[in-house]
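This briefing goes through selected side chains and one helix, grouped by topic. Please keep the sequence and the structure open while reading.

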Amino acid sequence: MLPDGKIISSGRLSDIVPEEISSWYERIFLTVDIDWAHDEVLADAISLIEEAGIYCTWFVTHDTRWLSRLRSNPKFELGIHPNFNWLLAGDARNGINAREVILRLMNIVPEARSVRSHSVTQSSVILELFSEAGLTHDSNCSIPITSKILVKPWRLWNNMVRVPYQWEDSIALQYMERKIKFPDAKQAVECNEFINEFIVFNFHPIHIFLNTESLHQYEAARAAYHNPEELALYRNPRKGVRTWLIELLDVLS
């Protein structure tokens with residue numbers, strides 16, 4: 001399918017209706033986990049995707065002035081990216097229970113219909129809470145494209161639509177660190193080895209800004225994550241996540 005040139009830059013994740021094959025078949029979906037990125041780091045990612053004119057689902061972790069810019073683009077949608085990690089560690093700073101963690105983000109993004117948890121934390125209880133909050137599309141299932149499993153969206157028992165994602169920048173970096181073959185974003189689209197019925201990509205603003213090429217580079221920059229000027233000193237000049245995204249956007253646009 002995709003290697004034969006049938007590439008469609010699709011809509012947002014919440015546009016997917018499993019029973020309406022044309023809403024997802026032979027389509028590519030772009031998502032971004034904001035992950036508490038500094039405003040300048042986030043703005044950098046927004047500008048790249050805006051300039052390409054591509055649809056994108058942005059999973060929000062916090063309130064920021066850039067949410068109004070994202071909302072103003074009809075090709076963008078805002079989802080939520082709840083962090084249950086503190087709660088699992090016995091720390092209630094982000095909410096005393098899973099419902100509160102979700103509702104705190106829904107108060108920031110009341111229009112959200114799509115969700116992907118930080119660290120893809122999920123359970124049957126959490127899925128019910130997502131549905132109760134009005135969320136309709138869950139993207140907490142990672143099926144790496146190298147598995148060569150033919151995936152498609154499906155409905156869960158609570159009528160939520162599960163949308164698996166097959167390519168993520170941080171996952172690609174982990175495979176590469178272990179010397180395991182994993183395609184960059186453009187290869188995932190164009191290589192006959194990775195044919196799929198649809199592909200969901202996921203990126204992170206911090207990796208886009210750093211043009212991350214290795215986990216070592218990413219960790220070395222950790223102290224500067226919220227200082228864009230200093231963070232820029234850690235940018236990778238070679239091929240990395242930023243160049244992968246730019247190549248993918250070039251293909252889609």
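Arginine 238 and glutamate 213 are joined by a salt bridge through their side chains, with 2.4 Å from N to O. This pair ties together distant parts of the chain, 25 residues apart. The model is a predicted one, and 17 salt bridges are found in it.

**Arginine 238 and glutamate 213**

- Arginine 238 sits in the loop between α10 and α11.
- Glutamate 213 belongs to the loop between α8 (205-210) and α9 (215-220).
- Glutamate 213 counts as partly exposed because its relative accessibility is 31%, which falls between the limits of 20% for buried and 50% for exposed.

**The network around aspartate 44**

- Asp44, Arg235 and Arg242 are joined into one network by salt bridges that share partners.
- Side chains of opposite charge can pair when their charged atoms come close.
- In the salt bridge between arginine 242 and aspartate 44, the N to O distance is 2.7 Å.
- That pair connects helix α11, which holds arginine 242, with helix α1, which holds aspartate 44, across 198 residues.
- Arginine 235 also forms a salt bridge with aspartate 44, and here the closest N and O atoms are 4.0 Å apart.
- Arginine 235 lies in the loop between α10 (228-231) and α11 (241-252), 191 residues from aspartate 44 in helix α1 (residues 39-52).
- Which members of the network are buried, and which are partly exposed? Aspartate 44 is buried at 15% relative accessibility, and arginine 242 is buried at 19%, whereas arginine 235 is partly exposed with a relative accessible area of 34%.
- Arginine 242 counts as buried because its 19% is under the 20% limit.

**Isoleucine 208 in helix α8**

- Isoleucine 208 is a residue of helix α8, and it is buried, with a relative accessible area of 0%.
- Leaving out residues up to four places away in sequence, isoleucine 208 touches two members of the network, Asp44 and Arg242.
- Other residues that isoleucine 208 touches are Ala45, Leu48, Phe203, Val241 and Leu245.
- Between the C-alpha atoms of isoleucine 208 and lysine 181 there are 21 Å, and the two residues are 27 residues apart along the chain.

**Helix α6**

- Helix α6 (residues 169-177) has Asp169, Ser170, Ile171, Ala172 and Leu173 as its buried residues.
- What do the buried residues of α6 pack against? They pack against β9, β10 (198-203), α8, α9 and α11.
- Lysine 179, just after α6, has a positive phi of about 60 degrees.

**Glutamine 166**

- The loop between β8 (161-162) and β9 (167-168) contains glutamine 166.
- Is glutamine 166 buried or exposed? Glutamine 166 is buried, because its relative accessible area is 2%, under the 20% limit.
- A polar atom of the glutamine 166 side chain lies 2.6 Å from the backbone oxygen of phenylalanine 198.
- Phe198 is also among the residues in contact with glutamine 166, when neighbours within four places in sequence are set aside.
- The other contacts of glutamine 166 on that basis are Ile143, Pro144, Ile145, Val151, Phe182, Asn196, Ile199 and Val200.

Technical notes: Residues numbered from 1 in each chain as written. Predicted model: local features only at pLDDT ≥ 70, side-chain atom pairs only at ≥ 80, totals over all residues. Heavy atoms only, no water. Helix = DSSP H or I, 4+ residues; strand = E, 2+ residues; numbered from the N terminus. Buried < 20%, exposed > 50% of the residue type's maximum accessible area, 1.4 Å probe, protein only. Polar contact = N/O pair within 3.5 Å; in protein donor to acceptor, adjacent residues only side chain to side chain. Contact = heavy atoms within 4.5 Å.
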